[in-house]
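Trainee: Please choose one part of this model and take me through it closely. I would like to follow it outward to whatever it touches or pairs with, in one connected account.

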Amino acid sequence: MQVKTFSQFLEIENVFWSLNENDWQPMHRVWSGIWEEWEADFDPDKFRNGEYLCRVRAEIKGGSKSRFLDSVPVILCGPRNAP
């Protein structure tokens, strides 16, 4: 699975994602042009079943170091990550 985000109007230095806001993982720029796209691999086996809020934050050039760009609810369920 992958986590993806994009920015059209900001100059981004780094982007990070997290399901629990304690363990921020880096994302990698995969496109740069009129907009920038960032993505990261996501291994659901590293998390227990349950509801999470996936958050993405960015470090903006010359600006805020932890601005949230996006949040989306995520539900993990299945035998591979059962409690």
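**A close look at strand β6 and its surroundings**

Mentor: Leu 53 counts as partly exposed, because its relative accessibility is 34%, which falls between the 20% under which a residue is buried and the 50% over which it is exposed. Before building on that value, keep in mind that this is a predicted model, with a mean pLDDT of 78 over the chain and 75% of the residues at 70 or more. The confidence varies by element: strand β1 (residues 2-7) has the lowest mean pLDDT of the elements, 63, whereas strand β3 (residues 25-26) has the highest, 92.

Leu 53 belongs to strand β6, which spans residues 50-60, in a chain that holds 7 strands and 0 helices. Along the sequence, the C-alpha atoms of Leu 53 and Pro 73 are 20 residues apart, yet in space they are separated by 4.5 Å. A second contact of this kind starts from Asn 49, which sits in the loop between β5 (36-41) and β6: its C-alpha lies 7.4 Å from that of Ile 75, although 26 residues separate the two in sequence. Asn 49 is partly exposed, because its relative accessible area is 27%.

From here the account turns to the pairing of β6. This strand pairs with β2 in the antiparallel sense, over 6 bridges, and within that pairing Trp 17 stands opposite Val 56 of β6. Strand β2 covers residues 12-18, and because 5 of its 7 residues are buried, it is largely enclosed by the rest of the structure. For the chain as a whole, buried residues make up 33% of the 83 residues.

Strand β2 has a further partner in β3, to which it is joined by 2 bridges, again in the antiparallel sense. Here Phe 16 stands opposite Pro 26 of β3. The two strands form a hairpin with 6 residues between them, and in its turn Glu 21 has a positive phi of about 60°. Strand β2 is thus bridged both to β6 and to β3.

The aromatic side chains give another way of following this part of the model. A pair of aromatic rings is described by the distance of the centres and the angle of the planes. On that basis the structure counts 3 aromatic pairs. In one of them, the rings of Phe 42 and Phe 47 have centres 5.8 Å apart and planes at 40°, so the pair is tilted, since this angle lies between the limits of 30 degrees for stacked and 60 for edge-to-face. Phe 47 also pairs with Tyr 52, with 5.8 Å from centre to centre and 70° between the planes, an edge-to-face arrangement. Phe 42 is buried, because its relative accessible area is 8%, and Phe 47 is buried as well, because its relative accessibility is 18%. Together with Trp 17, the residues Phe 42, Phe 47 and Tyr 52 form one aromatic cluster, and Trp 17 is the residue already met opposite Val 56 of β6.

Moving back along the chain from this cluster, one comes to β5 and its partner β4. These strands run antiparallel and are joined by 4 bridges, one of which sets His 28 opposite Glu 39 of β5. They form a hairpin with 3 residues between them. Side chains of opposite charge can pair when their charged atoms come close. The structure holds 1 salt bridge: Arg 29 forms it with Glu 36, and their closest N and O atoms are 2.8 Å apart. The two partners differ in cover, because Arg 29 is partly exposed at a relative accessible area of 37%, whereas Glu 36 is buried at 12%.

A nonpolar surface patch also involves β4. Val 30, Trp 31, Ile 34 and Trp 35 make up this patch, which amounts to about 420 Å². Of its members, Val 30 is placed in strand β4 (residues 28-32), and it counts as partly exposed because its relative accessibility is 43%.

Taken together, the path began at β6 with Leu 53, crossed to β2 through the antiparallel pairing, passed through the aromatic cluster that includes Trp 17, and ended at the hairpin of β4 and β5.

Methods. Residues are numbered from 1 along each chain as its sequence is written. This is a predicted model: local features need pLDDT of at least 70, side-chain atom pairs count only at pLDDT 80 or more; totals for chains, interfaces and linings use all residues. Side-chain values use heavy atoms; hydrogens and water are left out. Patches are made of residues with over 30% relative accessible area and no salt bridge: like charges are joined within 9 Å, nonpolar side chains (Val, Leu, Ile, Met, Phe, Trp, Tyr) within 5 Å. Accessible areas come from the Shrake-Rupley method with a 1.4 Å probe; for residues, only the protein chains shown count as cover. A salt bridge is a side-chain nitrogen of Lys or Arg within 4 Å of a carboxyl oxygen of Asp or Glu. Buried means under 20% relative accessible area, exposed over 50%, partly exposed in between (1.4 Å probe, protein chains only). pLDDT is the predictor's confidence in each residue, from 0 to 100. Two strands pair if DSSP finds at least two bridges between them. Rings of Phe, Tyr and Trp (its six-membered ring) pair if their centres lie within 6.5 Å; planes under 30 degrees apart count as stacked, over 60 as edge-to-face and the rest as tilted.
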